[in-house]
Amino acid sequence: MFGELLSRGRATGLRIHCDSIGPESADPTMAMVGKAAATYPNVGSTLPAGWRRSPADAVKLAEWGVAVRIVKGQWSDPGGPVSDIRLDYVALARTLAGKGIRVGVATHDRRVAQESISLLVAAGTPCDMEQISGLPQNCASIARSLGVPFRVYIPFGYPYLPYNIWQVRTRPAVAMWALRDFIAGKHRPVR
C-alpha cells in the first residue's frame, strides 16, 4: 500500500508524510521512511521532541534528505518523560538547522516557535510554521515576522484532535488546556 501511495505522490508531486504514531511504531516507521527516501525524493517524517531517540532519528532523516516536522509529541518516551520538552524541541531544531532539508515547526508554544524558527532561518534552513486545525492559530504573526510560510495541518484518522471531548475522561488536563488556549487565544505573549 505504501508503494502505491508513493506512486500517486510522484504522479501528483505531493509530499508523502509519515506521522509519529506511538513509540512502538517508531522503528518500523523509520525503516519505511528510509526505504522510501531511497526512491522517492519527496517524503517527510514527524519527530516528537519528547522521545530520547529523536536526535539520532533527526540525523538519519537529514542524511536521507527527508523533510521533518517537529512536534512535542502526544506520547511520552517509554523510558520516562524528558526533563524539559521545550529545550529538547529547540535542540531538535538546532540539530536540523543547516542540513538542507525542509523543517516544519509544529507547535502552539509561541516561545518554542520563535526560538526554533529563528535558529532555522539563521542557518538558511527552509522551514514552515505549522499549527493543527481546531486550535488557536497563535503563531501566524511569528511566521510572518520571520518570513516563513504559515500552514494549518489537518490530521486524519486516529488519534483524535487534542481537544476531543471524549479524552477529558482519561486526560482531565485536556479541559484546562483547551480553556487556557481559548481564553489566551492568539494574543498570548511570547515569553
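Aromatic pairs come first: this predicted model holds zero of them. One aromatic ring still has a charged partner. The charged end of R69 sits over the ring of Y153. The distance from that charged end to the ring centre is 4.3 Å.

Stay with R69, for its side chain has another partner. R69 and E130 meet in a salt bridge, with 2.6 Å from N to O. This pair links distant parts of the chain. E130 belongs to strand β5, which covers residues 127-132. R69 belongs to strand β3, which covers residues 67-71. In sequence, the two residues are 61 apart. Are E130 and R69 buried or exposed? Both are buried.

R69 also leads to the next stop, S45. S45 touches R69 in strand β3. Where does S45 itself lie? Its place is strand β2, residues 43-48. Leaving out residues up to four places away in sequence, S45 touches H17, C18, V33, L61, V66, A67, V68 and R69. The relative accessible area of S45 is 2%, and buried means under 20%, so S45 counts as buried.

Now back to salt bridges. How many does the structure hold? The count is 10. The bridge between E130 and R69 has already been described. Another joins the side chains of R53 and D57, again with an N to O distance of 2.6 Å. Here the two partners fall into separate classes. D57 has 5% relative accessibility and counts as buried. R53 has 26% and counts as partly exposed. The reason lies in the cut-off: buried means under 20%, so the value for D57 falls below the limit, while the value for R53 does not. The pair is also part of something wider. D27, R53 and D57 are linked in a network of salt bridges.

A further salt bridge sits within a helix. E115 and R111 form it, and their closest N and O atoms are 3.7 Å apart. Both residues lie in helix α5, residues 110-122. They are separated by about one helical turn, because they are four residues apart in that helix. Neither side of this bridge is buried. E115 counts as partly exposed at 37% relative accessibility. R111 counts as partly exposed at 28%.

Step back to the whole chain. What does the secondary structure come to? There are seven helices and six strands. Follow the sequence and the pattern reads α-β-α-β-α-β-α-β-α-β-α-β-α. Strands β2, β3 and β5 have appeared above, as has helix α5.

The chain has 191 residues, and 43% of them are buried. S45, E130 and R69 are among the buried ones. The accessible surface comes to about 10500 Å². Carbon and sulfur atoms account for 60% of that surface. Contacts tell a further part of the story. Take those between residues at least 6 apart in sequence: 61% of them join residues at least 24 apart.

One last topic is confidence. The average pLDDT of the chain is 86. A score of at least 70 is reached by 81% of the residues. Where does pLDDT stay under 50? That stretch is residues 186-191. For these residues, the model has 15 contacts beyond four places in sequence. Where pLDDT is low, predicted coordinates should not be read in detail.

How values were computed. Residues numbered from 1 in each chain as written. Predicted model: local features only at pLDDT ≥ 70, side-chain atom pairs only at ≥ 80, totals over all residues. Heavy atoms only, no water. Buried < 20%, exposed > 50% of the residue type's maximum accessible area, 1.4 Å probe, protein only. Contact = heavy atoms within 4.5 Å. Areas by Shrake-Rupley, 256 points an atom, 1.4 Å probe, with all protein chains shown as cover. Phe/Tyr/Trp six-rings, centres within 6.5 Å; stacked < 30°, edge-to-face > 60°. Lys NZ or Arg CZ within 6 Å of the ring centre and 35° of its normal. Salt bridge = Lys/Arg side-chain N within 4 Å of Asp/Glu carboxyl O. pLDDT = per-residue confidence, 0-100.
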